[in-house]
Amino acid sequence: MALKTREEYIESLRLLKQRVYLFGELIENPVDHPIIRPSLNSVAMTYELAQNPEYEDIMTATSNLTGKKINRFCHIHQNTQDLINKVKMQRLCGQNTASCFQRCVGMDAFNAVYSTTFEIDKAYGTDYHDRFKKYMIFVQENDLVVDGAMTDPKGDRSLSPSKQSDPDLYLRVVERREDGVIVRGAKAHQTGMVNSHEILVMPTISMGPDDKDWAISFSVPVDTEGVFSIYGRQSCDTRKLEENADIDLGNSNFGGHETLTIFEDVFVPNERIFLNGESEFAGMMVERFAGYHRQSYGGCKVGVGDVLIGAAAVAADYNGANKASHIKDKLIEMIHLNETLYSCGIACSCEGSETKSGNYQIDLLLANVCKQNITRYPYEIARLAEDIAGGLMVTMPSEKDFKDPKIGPYVEKYLKGVASVSTENRMRILRLIENITLGSAAVGYRTESMHGAGSPQAQRIMISRQSNLGQKKELAKNIANIKE
Ligand code: SF4
Ligand code: FE
């Protein structure tokens with residue numbers, strides 16, 4: 001069963017005994033929990049679209065390990081077309097969910113760990129790459145969702161892992177055994193953890209010789225003993241608990257989520273370990289993962305941007321403002337910004353190259369430029385959407401008032417825009433814009449655009465490292481006839 005259906009995916013999650021806490025309580029049934037379910041639906045979309053023949057080229061690929069047809073989210077990229085198709089797949093999924101569909105972190109981790117393990121083995125004669133290939137076959141054959149877990153809590157940012165007052169602030173090996181290791185620590189901001197089958201842990205920063213116990217990469221099932229998650233709050237999340245909530249949610253079907261996931265003395269068997277103390281390779285794994293995920297945003301955020309631009313245009317229609325030249329111009333500006341982001345995602349894919357292991361890596365400079373733009377343009381697109389939507393987006397009464405027999409007719413009458421459009425539809429489109437710019441999806445569209453896959457300064461460091469300023473100086477001196 002290399003491709004699961006949406007239903008098979010949902011049923012497979014029910015079999016897991018993952019421990020998840022939300023509002024101080026252990027959740028009995030995460031699959032059907034009203035706060036969690038929209039995020040599950042977003043991941044389920046990655047299965048649903050892969051079943052659609054129209055999207056076969058984008059959503060599926062042929063495995064280099066088994067020769068079988070697999071979901072592209074489980075694929076090891078084999079050429080630049082694979083990298084391009086990845087971005088197209090992410091835009092498509094963003095368009096269909098208007099939220100974070102969570103499955104990319106695992107895909108980006110697969111490709112970073114695949115190439116890095118190959119190079120560790122070459123240096124040390126270890127067998128991490130073979131172990132990882134076996135793991136990937138298991139993932140592909142079962143069409144699994146894997147949470148790529150990188151970000152440690154990090155404590156005092158000025159200190160390396162081994163110098164922290166609490167050594168657990170970076171996930172680490174606390175005991176080495178013949179058959180594996182025991183690890184302790186946590187991973188923060190874990191996208192899609194509750195909707196995943198497996199966790200693939202990687203280090204979070206470059207490390208030195210003192211940090212060997214922290215230089216660890218491995219995988220475990222999400223319901224492994226000692227692993228548990230605390231679900232992250234999102235703005236407006238409790239609206240999902242209101243009876244019959246629909247209009248006020250803006251996007252009642254889809255969402256994303258993050259967790260703080262704790263590893264409390266968790267046993268990892270040898271065959272699931274992919275880096276263990278070779279601390280100089282931690283940086284390579286981090287840099288490659290970050291590069292892939294910075295490319296990813298040139299697809300997913302663009303897809304959500306498409307929905308937001310559409311919502312702003314519909315709001316303008318419903319407000320009767322669609323003919324105003326400044327509104328048309330703002331929509332053009334939003335499209336220009338969104339397509340610029342897409343261009344970056346496509347460009348870093350086209351300029352990709354083969355790694356020593358044979359998989360394909362994006363162009364690191366262009367992927368970092370992509371992500372740097374992502375830290376800015378979604379904010380501007382959101383600002384323009386709010387401008388076009390008008391203040392009613394944040395002042396209008398609730399769905400309950402609208403449906404109330406006494407108050408409702410007043411809401412209906414006074415919130416009317418153009419006569420041909422129902423007040424309900426006007427409310428719906430404004431709530432969608434609220435959801436993406438200020439509500440639960442803003443976690444993904446705004447702040448995650450800033451800090452996800454590394455905060456803006458991280459990209460600036462990479463841009464400075466990759467940009468070859470010395471060569472640019474030489475070019476200038478040549479043109480100016482400066483001879484030194
Ligand atoms: Fe995928 Fe985007 Fe969510 Fe990252 S933020 S997991 S790239 S949808
Ligand atoms: Fe992310």
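This is a short talk on the aromatic rings in this structure and the charges that sit over some of them.

Okay, quick housekeeping. The model is predicted, so local features need pLDDT of at least 70 and side-chain atom pairs pLDDT 80 or more, while totals for chains, interfaces and linings use all residues. Residues count from 1 along each chain as written, chains are lettered from A and ligands numbered from 1 in written order, and side-chain values use heavy atoms, without hydrogens or water.

So, how do we describe a ring pair? We give the distance of the centres and the angle of the planes. Rings of Phe, Tyr and Trp (its six-membered ring) pair if their centres lie within 6.5 Å; planes under 30 degrees apart are stacked, over 60 edge-to-face, and the rest tilted.

Searching the whole structure turns up nine aromatic pairs. Take phenylalanine 132 and tyrosine 135: centres 6.1 Å apart, planes at 40°, so that one is tilted. They're three residues apart in helix α6 (residues 128-142), about one helical turn; a helix here is a DSSP run of H or I, at least four residues, and a strand is a run of E, at least two, numbered from the N terminus. Both residues are buried, meaning under 20% relative accessible area with a 1.4 Å probe, protein chains only. Phe132 and Tyr135 also join Phe138 and Phe274 in a cluster linked by ring pairs.

Finally, charges. The charged end of arginine 91 sits over the ring of tyrosine 342, 4.4 Å from its centre; that needs NZ of Lys or CZ of Arg within 6 Å of the ring centre and within 35 degrees of the ring normal. Arginine 103 lies over the face of tyrosine 47, 4.3 Å from the ring centre.

Key. Buried means under 20% relative accessible area, exposed over 50%, partly exposed in between (1.4 Å probe, protein chains only).
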